[in-house]
Amino acid sequence: MIERIILIDAADPVSFYGVNNCNMQLIRNLFPKLRVAARGSVIKVIGEDGETAEFERKIKELEEYAVQHNALTEEVILDIVKGDAPRELKRDDVIIYGINGKPITGRTPNQQRLVEAFAHNDLTFALGPAGTGKTYVAIALAVRALKNREVRKIILSRPAVEAGEKLGFLPGDMKDKIDPYLQPLYDALEDMIPAAKLREYMESKVIQIAPLAFMRGRTLSDAVIVLDEAQNTTTHQIKMFLTRLGMNAKMIITGDVTQIDLPRSTASGLVQALRVLRDVQGIGRVEFGKKDIVRHALVQRIVEAYERAGEENP
């Protein structure tokens, strides 16, 4: 009889063990000759050498599946332990699986074009109105690259530009004042990464969310970098950001040139960058339209109404 110690350090514990440890109980039942104890991230198994080695191999396969899909069902456990391929719907358009195993896909042709542009370019511009999913897809692509170990970190940023409100009047310290501007980025991440794992990533700075001003002086390597709401950057800010690109890094710049919140006397850095970089190789560009809006159906009608009002009152 030997004892093996197996560490479960990649998968989210809730996804792996299941509610009330139901997954672990099933695994124990499938290996009746072994004594199995699980506590936190450590699984201890006692039994014959060959059987404990097979148990460890199956546990690692289950962990890999849980990391990829953020879920582990009874059917999947049975399939993997029996040596069958997990029964799952194969979908070529799945970017990643969100929390509870929800597939996140390119839901419109332009969202799928963004996926393809990201694959073929180190810098990609995603342009279009609110609600088209450009930021959400960009963050999903970043999370996929991190999970696949193509990069070591994700850096998400947006300019802290006031859309009618005054930053200085918000209560709290600098972090409290800045966080509301970054909340849409947190919301997307919470859809894609289980809470405990996301907290771990944030604390270890594997995932970093920061205002644009915090990027100055850095070289961003081995990372996917997303700049959101880039229409609110100045020409100096966006040039500074673009030149942060390091080795083995990719950038996605999202923005809507019809929603610029800068003072009228300040030119949008995004508009200038699109003009200056239009002929540079290695840069992708995907333009979203009203048909790509994936929020409430009313959002598309609101966007169209404002466009008509703009045409009538230039």
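This passage goes through two sheets and the helices that pack on them.

The model is a predicted one, so local features need pLDDT of at least 70 and side-chain atom pairs count only at pLDDT 80 or more, while totals for chains, interfaces and linings use all residues. Residues are numbered from 1 along each chain as its sequence is written, and side-chain values use heavy atoms, with hydrogens and water left out. Helices (H or I, at least four residues) and strands (E, at least two) are DSSP runs, numbered from the N terminus.

One sheet is open and has three strands in the order β1-β3-β2, with antiparallel pairing; two strands pair if DSSP finds at least two bridges between them. Its edge strands, β1 (2–7) and β2 (35–39), each pair on one side only. The twist from one strand to the next averages 15°. Six bridges hold the antiparallel pairing of β1 with β3 (residues 42–47), and I5 has K44 as its bridge partner in β3.

Two helices pack on this sheet, with contact meaning heavy atoms within 4.5 Å. Helix α2 (residues 22–30) touches β2 and β3, and its direction makes about 165° with that of β2. Helix α3 touches β1, β2 and β3, its direction making about 10° with that of β1. Axes here are lines fitted to C-alpha atoms, for helices over the stretch in contact, and angles run from 0 to 180 degrees between N-to-C directions.

Now to α3 itself. At 1.5 Å a residue, its 21 residues (49–69) should span 30 Å, and the end C-alpha atoms are indeed 30 Å apart; the expected span is 1.5 Å times one less than the number of residues. Among its buried residues are F55, I59, L62, Y65 and H69, buried meaning under 20% relative accessible area and exposed over 50%, with partly exposed in between (1.4 Å probe, protein chains only). Down the axis of α3, the buried residues fall within an arc of 160°, so they line one face of the helix; the arc is that of the directions from the helix axis to the C-beta atoms. On the other side of α3, G50 and E64 are exposed. After α3 comes N70, with a positive phi near 55°.

The other sheet, also open, has six strands in parallel pairing, ordered β8-β7-β9-β10-β6-β11. The edges are β8 (207–211) and β11 (283–287). Strand β7 (residues 153–158) runs parallel to β8 and is joined to it by five bridges, and L156 stands opposite I209 in β8.
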